[in-house]
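Student: I have just opened this one and don't know where to begin. Could you walk me through a few local features?

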Amino acid sequence: MSSRFFATGSDSESESSSESEEQTVVQSKSTVTTKVFAFSDDEEETKRVVRSAKDKRFEELQNVIKQLRNHKKIKDISKVLETFEDLTKALQKSQKVIEKEGGVPRFYIRALVELEDFVNETWEDREGRKKLNKVNSKALTTMRQKLRKYNRDFEAKIASYRENPDAGDDQDGAEDDRDKSDSDDDDDDEAQQQKKKPAAPAEAPDMKSQFLKGGDSEGSDDSDMDWPSDSDSESSDSSEPEGGYTNMAAKFLKKTTAAEEAAKAARKQEKKERKAREQRREEEEREMEEGEWTEVQRGAPMAMEKPKMFAKGTEINHAVVLKKLNEILAARGKKGTDRSEQIMLLAELRRIAEENNLGLGMTVKILFNIVASIFDYNPNIATCMKDEMWAKCITYITEMMDILIDNSNIFVGANVLEESEAIEAEPFRVRGCILSVMERADEEFIKMLQACDAHSTEYVERLKDEKKIEVLVVRLQKYLEERGTSQEICRVYLRRIEHVYYKYDYEHYKSADLIKKTVEQKVEEGKDGEEEVKDGEEVQDGEDEGKDGEVTPQEKGGQEAKDMVDGEKQKEKTAVIMDKLCKYIYAKDTTDRIRTRAILCHIYHHALHGRWYEARDLMLMSHLQDTIQHSDVPTQILYNRTMVQLGLCAFRYGNIKDAHNALLDIQSGGRAKELLAQGLLMQRNVERDPEREKIEKRRQMPFHMHINLELLECVYLVSAMLLEIPYMAAHEFDARRRMISKSFHHQLRVSERQPLVGPPESMREHVVAASKAMKIGDWRACRDYIINEKMNGKVWDLFPEADKVRELISRKIQEESLRTYLFTYSAIYDSLCLVTLSSMFELDGPVVHSIISKMIINEELAASWDEPTQTVVMHRSEPTRLQNLALQLSDKLANLVDNNERILEVKQGTSAFYTRQGEGRFGRQGKERHQGKERHQGQGGYHQQQGRGYQGQRRDRGDRDRDHRDRDHQQGYNRQQDRW
C-alpha cells in the first residue's frame with residue numbers, strides 16, 4: 001500500500017528524508033520543501049512557476065540555436081538550413097519582446113556570426129565541397145545566399161560583435177554558459193563538475209530515485225528492485241553537498257566564481273595567442289617557399305590557380321618573366337578574377353623585370369598590359385573609371401610616352417605579331433598601339449565628365465585633367481609625325497582637333513584689339529606731326545638733307561605695329577593649328593568619317609570666332625547637308641552643333657535670314673536639347689527603352705561643351721521677329737499667306753489667348769512684346785523690350801563681343817520697323833518725306849533711301865522717288881480694305897462652285913457624254929458664264945493677278961483635266977456601242 005501511494009519505500013526512509021528537508025529550509029529560505037508523499041497524476045499538486053514573455057521567447061531562441069550548433073557539428077547542412085529558417089521564424093515571434101528590450105539579444109548575433117563563419121569555411125573548402133552529396137551541396141548554396149541577404153539587416157551589430165566578441169559575456173549570464181556547454185569548453189566544464197561531485201558514478205541511480213514522483217505510470221506492486229533500500233538512502237543522504245539541493249535546476253546549474261571567470265578569460269587569451277603564433281609560422285613558411293607574395297584575405301576567389309612567384313634561387317630572364325606574364329594574363333576576363341590583384345601582380349612583375357635589367361622592350365610590353373588591365377577593371381561599359389584607377393592610368397601612359405619618345409630603337413604597332421616580337425635585343429619590336437590607348441583614355445575621360453554633377457566642384461576638379469590629356473595628345477602627335485603612318489597621323493590630328501575646336505581664343509582677340517588700337521594711335525600721332533611741320537617754318541635744304549635718314553612718326557608707328565603683328569604670328573594660335581591639322585586630313589585621309597568630322601570642327605571653329613564667310617563657304621563646298629543623314633549618330637550630333645554655331649555667327653554678322661535658316665531645323669521641332677546631345681527629353685505617352693536610354697546617355701556632350709539653349713532660342717525668335725513682322729504687314733489681307741516660323745506664330749497665339757497680359761518676365765514674353773510694338777511701328781519700345789538689363793544678363797552678355805551685337809540688333813530693329821511702317825500705312829499717304837522718315841526712325845538719310853529703293857525694286861512697295869523734293873510718291877495700285885475683302889469672298893465662292901460641280905459629276909456618273917454635247921463642261925450657258933467670270937477676273941489689275949497666283953493656275957489645270965476625262969468617257973462610250 002505504501003509502495004503504491006508514497007514516494008519512498010519505507011517509514012524510515014520517509015523520516016530521514018523529512019529531516020533532511022527541515023535542514024534545507026533552515027539553510028536556504030528561497031528553496032521550497034518537498035512533499036513527504038505524492039498522489040497519483042489525477043490528484044498530485046504540482047509547483048507552478050510564472051515566467052515572463054521574455055524568458056519564454058529567449059528560451060525558445062536558445063533551444064533552436066542549440067539545435068543549430070548540433071547540426072553544424074555533424075555538418076548536416078540541409079538540417080542547418082531548416083533550423084536557420086526556424087530560427088528566423090522564432091525571432092519574428094519574439095519581435096514585440098525584442099522591441100521592449102531595446103534590440104536583438106547578443107546571443108542571437110553571436111549565433112549569426114558563428115553560422116556565417118561556418119558557411120564561409122565550408123564554401124572555401126573546395127575539396128570538402130566536392131565530397132558533399134547533392135542535397136547538402138544544394139543546401140549550402142541556398143544557405144549562403146539566404147544568410148548574406150538576412151545579415152544585411154544586422155550589419156552594424158555583427159561588425160561591433162566581431163570587433164569585441166567578449167564584450168557581452170557578463171551580460172549574457174547563465175544563458176551564454178548554457179549555450180557554450182556544447183562548445184570548446186567541454187573539457188573544462190567536465191573538470192569542474194568532477195570537482196563538485198566527487199562521488200562515484202554508481203550514485204546516479206540514487207540521485208534519480210530521490211527526485212522521482214510517485215513511480216511509473218504503469219507502476220506494479222512487484223517492482224521492488226526499482227526502489228532503494230535504507231542503506232542506499234542513507235548513503236545518498238550522506239553524499240549530498242553541504243548546501244543541500246531540493247530541485248533539479250539548483251542541483252545541476254553551474255555556479256561560477258570570480259576566480260573561475262578569471263581562469264576562463266586567461267584560457268581564451270592563451271588560445272588566441274596560440275592561434276596567432278600558428279598563423280605567423282604558416283605565413284613565414286609560405287613566404288620561404290613562394291617568395292614575397294601575400295595571401296588575399298577577402299574578395300572573390302580566383303577562377304584559376306593563383307600564379308606562383310619565382311622561388312628563391314630562380315634565374316630571372318626573359319623567358320621566365322614572359323611565362324609569368326602569360327600566367328597572369330590567362331585569368332583576364334574570366335569569372336571571379338580579382339582585377340585589382342591582377343594590376344598589382346603586373347606592377348610587381350614590371351619592378352622585378354627592371355631590377356634584373358631585362359630591357360626597355362620588356363618594360364613597354366608589361367606597361368601595355370597594365371594599362372589594358374586598368375581599362376578592364378570596370379566591367380560595366382556604361383559606368384566611368386574610379387578616381388584612383390584614372391590617376392594610375394594617366395601615370396602609366398605618361399611613363400610609356402616618355403620611354404617611346406626618348407628611345408627611337410623601340411617600335412610598337414598593332415600589326416606586330418606576337419611571334420615576331422623582339423624584346424631581348426635592340427631594336428625592340430613590341431605588339432601594341434599607343435594611339436588606341438590614348439583614344440581609349442580620352443573616351444574614359446569623357447565618361448568621367450558625364451558621370452559628374454555639372455554644377456559641383458567635382459566637375460571642376462575633374463576638368464583640370466583635360467590639360468593632361470591635351471599634353472599627352474600633343475606629345476603623341478609629335479611622336480607619330482616622325483614614326484607613324486599617314487592614317488595614324490590623321491587619327492591623332494582629329495583627336496587634337498576635337499580638343500581645340502569648341503574653345504574660344506580670347507587671347508587672340510585681345511591682342512588683335514591691342515594691335516588695332518596701337519596702329520590707330522601711332523597713325524594719329526604721325527598725322528599730328530606732319531601738320532606741325534606744315535604749319536611751322538620752312539625747313540632749310542641742309543636740314544632736309546641731314547634728316548633724310550630719319551623716320552617720320554607715322555612710319556615709326558606703322559613699324560611698331562608691324563613688329564607686334566609679327567610677334568603675335570610667331571605664337572601659334574588656334575586658327576593656325578586648326579588650319580594646319582584640317583588641311584592635312586583633307587589631303588591624306590582615306591576614310592569619310594575622319595574627313596567629315598574634321599570639316600565640321602573647322603566650320604565650328606570659324607563660326608565661333610566670327611569668320612562668317614569662311615565658315616559659310618566651307619559648308620557649301622563640302623555638301624555635307626546632302627549626305628549627313630548617312631553618317632553615324634555622333635557625327636550627326638556634331639553637324640547639328642555646327643549648324644547652330646553657324647546660325648549664331650550669321651546673327652552676329654547681321655545676316656538675319658541666314659541665321660534663321662540655319663537655326664530653323666533645330667528649333668522648329670522643340671527638340672533642340674536632344675538634337676544637340678545636351679540632355680534627354682521626357683515625351684508624353686512614350687516609354688523609353690532602357691537600353692536605348694543608356695546608349696543616348698553615353699552620347700551626351702560634357703557640360704563645358706554645351707551651347708546655351710536660352711541664347712539659341714532667343715536668337716531664333718528675334719530673327720523670326722525681324723523677318724515675320726514686316727512680311728505680315730505686307731500680306732495682311734492675303735488669304736494664302738505662308739508662315740516663316742511656326743514656333744514664333746505659336747508664341748504670338750499663346751499671348752493673344754491670355755485674358756490679361758502683364759509686363760514681360762521671361763525671354764519669350766520679351767520677344768512677343770517687342771513684336772507687338774514693332775507691328776505698330778514703335779521701334780523704341782521694341783528695342784527696349786529686346787535690349788534691357790534682364791535680357792543682357794540672360795542672353796546678350798553671353799556673346800564674346802556683346803556691345804557690337806547690341807548695336808547691330810538696335811539698328812536692325814530700326815530698319816525693319818521702317819519697312820513695317822511703310823507696308824502698314826502706304827495706302828494712307830500720298831507721299832512721304834525722306835527727312836521725316838529719317839528723323840522718325842533715327843536713321844541716316846542714305847540708309848532710309850537705300851531701304852525704300854530696295855522695296856521698290858523688289859516690287860514690295862508701289863511707289864517712286866521724287867528726287868528734287870526728296871519724297872516718296874505712293875501709287876494707288878493696291879486695293880483698299882473693302883476691295884481686298886471682296887476679292888477674298890469671290891475666291892471662296894469660286895471654290896465652292898467647283899466643289900459642287902465635282903459632287904454632281906460623281907453622282908450623275910455617265911453624264912459626261914451629254915455635257916460634252918452641250919458645249920463643254922457647263923453647256924452653252926455655262927460656257928458663257930465661265931467666260932464672263934474670266935473677263936471679270938481679268939479686270940482686277942496687277943495686284944489681283946499677283947494675288948491670284950497659284951490658286952488660279954490650279955483651277956485652270958482642273959478644267960483641262962476634266963475636259964480630258966470627258967473626252968475619254970466619250971471615246972469609251974463610242975467603242976462600247978460599236979461592240980454592241
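**A hairpin and its turn**

Tutor: Let us begin with the hairpin of strand 4 and strand 5, which has four residues between the strands and in which Gln-870 takes a positive phi near 55°. Strands here are DSSP runs of E with at least two residues, helices are runs of H or I with at least four, and both are numbered from the N terminus. This is a predicted model, in which local features need pLDDT of at least 70 and side-chain atom pairs count only at pLDDT 80 or more, while totals for chains, interfaces and linings use all residues. Residues are numbered from 1 along each chain as its sequence is written, and side-chain values use heavy atoms, with hydrogens and water left out.

Student: In what sense do strand 4 and strand 5 pair?

Tutor: They pair in the antiparallel sense, over four bridges, where pairing requires that DSSP finds at least two bridges between two strands. One of the bridge partners is Val-873 in strand 5, which is matched with Ser-864.

Student: And which side chains of strand 4 point to which face?

Tutor: Ala-863 and Trp-865 point to one face and are buried, while Ser-864 and Asp-866 point to the other and are not. Buried means under 20% relative accessible area, exposed means over 50%, and partly exposed lies in between, with a 1.4 Å probe and protein chains only. In a regular strand, side chains alternate between the two faces of the sheet.

Student: Back to Gln-870, is it buried or exposed?

Tutor: Neither, because Gln-870 has a relative accessible area of 28% and is therefore partly exposed. Its place is the loop between strand 4 (863-866) and strand 5 (871-874).

Student: Which residue other than glycine has a phi near 55° as well?

Tutor: Glu-842 has a phi near 55°, again a positive value in a residue other than glycine. Glu-842 lies in the loop between helix 42 (834-841) and helix 43 (845-857), and it counts as partly exposed because its relative accessible area is 47%. For background, most residues other than glycine have a negative phi, and most peptide bonds are trans.

Student: OK, so where is a cis peptide bond?

Tutor: A cis bond joins Glu-426 and Pro-427, with omega at about -10°. Pro-427 belongs to the loop between strand 1 and strand 2.

Student: How do strand 1 and strand 2 run?

Tutor: Strand 1 (residues 410-413) and strand 2 run parallel and are joined by four bridges, with Ile-410 standing opposite Phe-428 of strand 2. Strand 2 (residues 428-431) has a covered face made of Phe-428 and Val-430, whereas Arg-429 and Arg-431 form the uncovered one.

Student: Changing topic, how many aromatic pairs are there?

Tutor: Rings of Phe, Tyr and Trp (its six-membered ring) pair if their centres lie within 6.5 Å, and planes under 30 degrees apart count as stacked, over 60 as edge-to-face and the rest as tilted. By this rule the count comes to 15 aromatic pairs. Among them is the edge-to-face pair of Tyr-108 and Phe-154, with 6.3 Å from centre to centre and 65° between the planes. This pair links distant parts of the chain, 46 residues apart: Tyr-108 is in helix 6 (residues 106-124), and Phe-154 is in the loop between helix 8 (134-151) and helix 9 (155-163).

Student: Is Tyr-108 buried or exposed?

Tutor: Tyr-108 is buried, with a relative accessible area of 0%, and Phe-154 is buried too, at 11%. Ring pairs link both of these residues with Phe-84 and Tyr-150 into a cluster.

Student: What sits over the ring of Trp-123?

Tutor: The charged end of Arg-129 does, 4.1 Å from the ring centre, where the rule asks for NZ of Lys or CZ of Arg within 6 Å of the centre and within 35 degrees of the ring normal. The charged end of Arg-738 likewise sits over the ring of Tyr-727, 5.3 Å from its centre.

Student: Last one, where is Leu-893?

Tutor: Leu-893 is in helix 44 (residues 881-908), and it is partly exposed because its relative accessible area is 46%.
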